[in-house]
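User: I'd like a close look at one part of this model: pick one helix and walk me through what it packs against and what it shows to the outside. Then tell me how that fits with the rest of the chain.

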Amino acid sequence: MSDAKRVKATVIGLSAVLMWATLGLFGAGSGQVPPFLLNALCFGISGSLALVWLLATGKLRLLRQPLRVWAFGTFGLFGFHFFYFTAIRNAPPVEANLINYTWPLLIVLFSAFLPGEKLRLHHVIGTILGLAGAVLLISGGEGLSFSGGSALGYAAAVTSSLFWSSYSVLSRRLGAVPTEAVAGFCLLTALLSALCHVMLEQTVWPSGGLEWASLLGLALFPVGLAFFTWDIGVKRGDIQVLGAAAYSAPLLSTLLLIAFGFGALTFSVAIACVAITVGALIAAKDMIFRKRQDKRAREQAGDTGLPPSEHSTSPHDPLG
């Protein structure tokens with residue numbers, strides 16, 4: 001795959017992070033709808049819209065996938081949400097959310113086992129900076145207290161993190177599976193979520209136009225289109241950059257909530273912003289400076305008559 005296609009796929013994948021940043025805002029606007037019902041409605045809407053699009057474009061045949069692919073995709077999406085909801089119900093939400101948000105770090109680490117991928121020091125440094133920023137953001141700059149009576153919740157948070165990081169990394173090994181298949185994963189996730197709702201929750205529907213609009217916003221973007229663009233990113237883009245950049249989701253979500261009056265800008269938020277931004281830039285330095293290096297290589301090739309491949313790297317990389 002060419003560098004240009006890899007960069008394009010990475011940018012598409014990063015759009016998922018931007019959409020996930022709206023989870024807090026749309027979630028706050030969706031009222032008191034219980035989690036599994038919200039999950040069932042959102043995945044049901046997004047999956048149905050994708051199915052209509054497949055029918056309209058004559059691509060419905062792309063849903064014909066082996067059983068192992070259906071199992072992988074469905075349990076990836078549903079498993080992550082199931083264990084995440086279990087975590088926040090059985091452990092303090094701040095601590096559970098923090099444990100869950102180790103998945104970007106795990107993506108970067110697990111990516112080292114993928115064919116053709118190399119885990120470099122700047123990937124690790126950038127991701128750890130992002131994790132530090134997320135810790136500061138989620139904890140609000142205050143201490144964390146891991147309660148001994150919340151073992152189930154903490155275990156579920158660890159499991160949710162493992163589910164999503166494993167799903168994201170292993171998707172790379174299923175590169176031949178078209179992104180359109182995610183439509184089927186969404187529909188099956190909606191079905192399983194509806195079953196969990198019937199067994200575990202009391203039904204509370206959205207009330208009023210704002211709550212229904214917020215639910216639709218969730219279904220269209222963070223619990224809809226985001227999973228399709230993320231699939232493109234992790235299969236064809238720079239997965240280490242995506243992992244590090246994922247820490248910007250809780251930051252951007254917090255800033256959106258502040259902008260719409262659901263919170264206040266504090267010193268800890270500002271410091272978290274710097275840490276996450278710098279971390280993402282460090283992790284993405286190969287992608288950022290590649291164009292500059294390629295231009296220099298072309299210039300050198302023009303001067304010396306050597307092909308650009310002879311000059312694909314430069315000893316003067318600003319970040320070394």
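Analyst: Before picking the helix, let's fix one word: buried means under 20% relative accessible area, exposed means over 50%, and partly exposed is in between, with a 1.4 Å probe and protein chains only as cover. This is a predicted model, where local features need pLDDT of at least 70 and side-chain atom pairs count only at pLDDT 80 or more, while totals for chains, interfaces and linings use all residues. Residues are numbered from 1 along each chain as its sequence is written, and side-chain values use heavy atoms, with hydrogens and water left out.

Let's take helix α9, residues 182–200. (Helices are DSSP runs of H or I with at least four residues, strands are E runs of at least two, and both are numbered from the N terminus.) Does α9 fall short of its expected length or agree with it? Its 19 residues at 1.5 Å each should span 27 Å, and the end C-alpha atoms sit 26 Å apart, so the two agree. The expected span here is 1.5 Å times one less than the number of residues.

Now the inward side. Val182, Ala183, Gly184, Phe185, Cys186, Thr189, Ala190, Ser193, Cys196 and His197 are buried in α9. Their cover includes α3 (35–56), α4 (67–90), α8 (151–170) and α10 (209–236). As a reminder, an α-helix has 3.6 residues a turn, so residues three or four places apart point the same way.

The outward side has its own story. Leu188, Leu191, Leu195, Val198, Met199 and Leu200 make a nonpolar surface patch of about 620 Å², and Leu191 is one of the residues lying in α9. A patch takes residues with over 30% relative accessible area and no salt bridge, joining nonpolar side chains (Val, Leu, Ile, Met, Phe, Trp, Tyr) within 5 Å and like charges within 9 Å. The areas come from Shrake-Rupley with a 1.4 Å probe, and for residues only the protein chains shown count as cover.

Both loops flanking α9 carry a salt bridge, meaning a Lys or Arg side-chain nitrogen within 4 Å of an Asp or Glu carboxyl oxygen. Ahead of the helix, Glu180 pairs with Lys59, with the closest N and O atoms 4.0 Å apart. Glu180 is in the loop between α8 and α9, Lys59 in the loop between α3 and α4, and 121 residues separate them. Glu180 counts as buried at 19% relative accessibility, whereas Lys59 is partly exposed at 28%.

Past the helix, Glu201 pairs with Arg89, their closest N and O atoms being 2.8 Å apart. Here the link runs from helix α4, home of Arg89, to the loop between α9 and α10, home of Glu201, across 112 residues. Glu201 is buried at 13%, and Arg89 is partly exposed at 44%.

Elsewhere, salt bridges that share partners join Arg6, Glu117, Arg172 and Asp238 into one network. Within it, Glu117 meets Arg6 at 3.5 Å, N to O. Glu117 is in the loop between α6 (103–110) and α7 (121–139), and Arg6 is in helix α1 (residues 3–20), 111 residues apart. Glu117 is buried, at 11% relative accessible area. Asp238, in the loop between α10 and α11 (239–245), is also buried, at 5%. Its C-alpha is 6.6 Å from that of Arg6, 232 residues away along the chain. In all, the structure holds seven salt bridges.

Zooming out, the chain has 14 helices and zero strands. Buried residues are 49% of its 320. Of contacts (heavy atoms within 4.5 Å) between residues at least 6 apart in sequence, 87% join residues at least 24 apart. The accessible surface is about 15300 Å², with 68% belonging to carbon and sulfur atoms.

How far should you trust all this? The predictor's per-residue confidence, pLDDT, runs from 0 to 100; the chain averages 87, and 88% of residues score at least 70. Residues 303–320 are below 50, and that stretch has 24 contacts in the model beyond near neighbours in sequence.
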